[in-house]
Structures are given as structure tokens and as C-alpha cells.
Amino acid sequence: MSAAGFIAIVPARLASTRLPDKPLADICGKPMVVRTAERAKASGAARVVVATDHASIVAACEQHGIEVMLTRADHPSGTDRIAEVAHALGLPADAVIVNVQGDEPLIDPALIAACAERISAGVPMATAAHDIHSADEIFNPNVVKVVLDRQQRALYFSRATIPWHRDAFAHGTQQVPENYPALRHIGIYAYRNDFLQQYPALPLSPLEQIESLEQLRVLWNGYAIAVHVTEDSPAPGVDTPADLEKVREIYRNLQK
């Protein structure tokens, strides 16, 4: 299967510490997970499937005509959940699958398609990044940075400031030097299905445990990750009640 026929799978777990029943939160008449699936459909995906651990999410998706599959409840991550669904669907080894997080009801459909397009022979995984120019973000450990090789494949992801500009930062870290290539990682992933099925069993990396960045497991085990670089910052996801209100306001404005 070529990237043009890619599948989008939306993992949606009911439990959420900061926002109870988050996937079912209403956004202008539709649950958040349905809004996210609709954005995924707009990407040109050949198929969009919600992968969930709870019957209430199944019911909400079915009510709105969204394909959905109930998975095991004990998956440690969304990646494991979508791997189960891809296996159950009987997708071919070369199928391209994009993991679209269920709390991204404003995700740019073009970003989903762009990540799928970066999968190629020898590159079984892809993600995205965008330029950052703010010193606050460049030196913020909560902002994950990535550095690339000449083929726009990831060399490393880190919470640290990478690359470290030896000369410019020797005089302070309040200003960003001109043409400094800082990239902020965007948490969207595409996989070739044969790699996705292997991924949950990959040996853990000491680097991923130190940085608390799961994608470092892929690099540590010798696999390539292609990175689509976009000029635009991604639309905000939903983690808190305040985030939800912001997204609702955006949808209200879109419907005017």
C-alpha cells in the first residue's frame, strides 16, 4: 500500500487525569474524538478508524458514522493500541498508518498526509517538526527539540537545547542567533505496518528513559525516522478544561 492510500488510526482512551472522559467532551454538538476523526478524514486517508478501550466511545463513534474498534484496555501507549487495530484489520506489511491523537480536534489534515508521504524504503517511521524562534521555547525542557541530517531524518530528539550554538550562547541565552536551525518536534507519527507490529517489542533505550521520549527507542535500535518540517505551529490539543474552552471557541467561530 502506498502512502497515497494511508490509514489514519485515532487512539482514544477514556481515562484522563486532568479532563475526565476527555474523548467524549462536547465540541459544538459532537464529541472530541469524532471531531478529530473528521479532521483525519479530510486528510485524504483511505480509511479512518478510532481505536478505543471503552464501549461509550464506541457508541459515540457509531452514532456519528465513524468506524471504530474496541481494543484491550491494558495497552501502555497509543502506539500499542493502534498496532492491535492494524493487526486485527489484516493490513498488509507495507500499509502506511498515521497515529492521530484523539485529543487533536484542530489538527491540520495536510500535516497528517505529509507525514504519511515521508514513509519510504528504509524509512519505516515519520513525524513532524516546525521552526522555533523564541528563546523561551528553545531553552524550555518541556519543548522537545529535534536535529536532522541532510535527508531530513532525525539524528536525535531532546529536551535539551540542540544544536547548542557554542559561540552565540557563550554571550547569554536571551537572544536567538540569526539562521539558528532550531526545530520543535510535533507529536504525530506515521509507520509502515510491518514496523508498527515490531515496535512494541523493541528493547527499551536508556536514552528514552533519561529523556522520557519514547521515539528515542526507534533511533537507539537503528531505525530511521523521517521528519516533515512545516512553517506553521500546530493547532493546540486538549489536555485541560481551559484547552477545551479555547477549542470550543475556535469551532464556534468556524461555524459562524
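**Close-ups of a predicted model**

**View 1. Helix H10, end to end.** In this predicted model, helix H10 covers residues 241-254, which makes 14 residues. At 1.5 Å a residue they should span 20 Å, and the C-alpha atoms at the two ends sit 20 Å apart, so the expected span and the model agree.

**View 2. The buried face of H10.** Which residues of H10 are buried? They are Asp-243, Leu-244, Val-247, Arg-248 and Tyr-251. Look down the axis of H10 and these buried residues fall within an arc of 135°, so they line one face of the helix. Here's the background: an α-helix has 3.6 residues a turn, so residues three or four places apart point the same way. As for what covers the buried residues of H10, the list includes strand S2 (26-27) and H1.

**View 3. Helix H1, mostly under cover.** Seven of the 10 residues of H1 are buried, so to speak "mostly covered". The buried ones are Met-32, Val-33, Val-34, Arg-35, Thr-36, Ala-37 and Ala-40.

**View 4. The largest nonpolar core.** This core has 35 residues, and the ones touching the most other members are Phe-6, Val-33, Val-50, Val-98, Ile-112 and Ile-188. Elements that chip in two or more residues include helix H1 (32-41), strand S1 (7-12), strand S4 (47-52), helix H4 (109-117) and strand S10 (183-192). H4 gives the most to this core, with five residues.

**View 5. A second core.** Separate from the largest core is another one, made up of 31 residues. Among them are Ala-83, Ala-129, Leu-183 and Val-227.

Definitions and conventions
Residues are numbered from 1 along each chain as its sequence is written. This is a predicted model: local features need pLDDT of at least 70, side-chain atom pairs count only at pLDDT 80 or more; totals for chains, interfaces and linings use all residues. Side-chain values use heavy atoms; hydrogens and water are left out. A nonpolar core is a set of buried Ala, Val, Leu, Ile, Met, Phe, Trp, Tyr and Cys residues joined through side-chain atoms within 4.5 Å. Buried means under 20% relative accessible area, exposed over 50%, partly exposed in between (1.4 Å probe, protein chains only). Helices (H or I, at least four residues) and strands (E, at least two) are DSSP runs, numbered from the N terminus. The expected span of a helix is 1.5 Å times one less than its number of residues. The arc is that of the directions from the helix axis to the C-beta atoms. Contact means heavy atoms within 4.5 Å.
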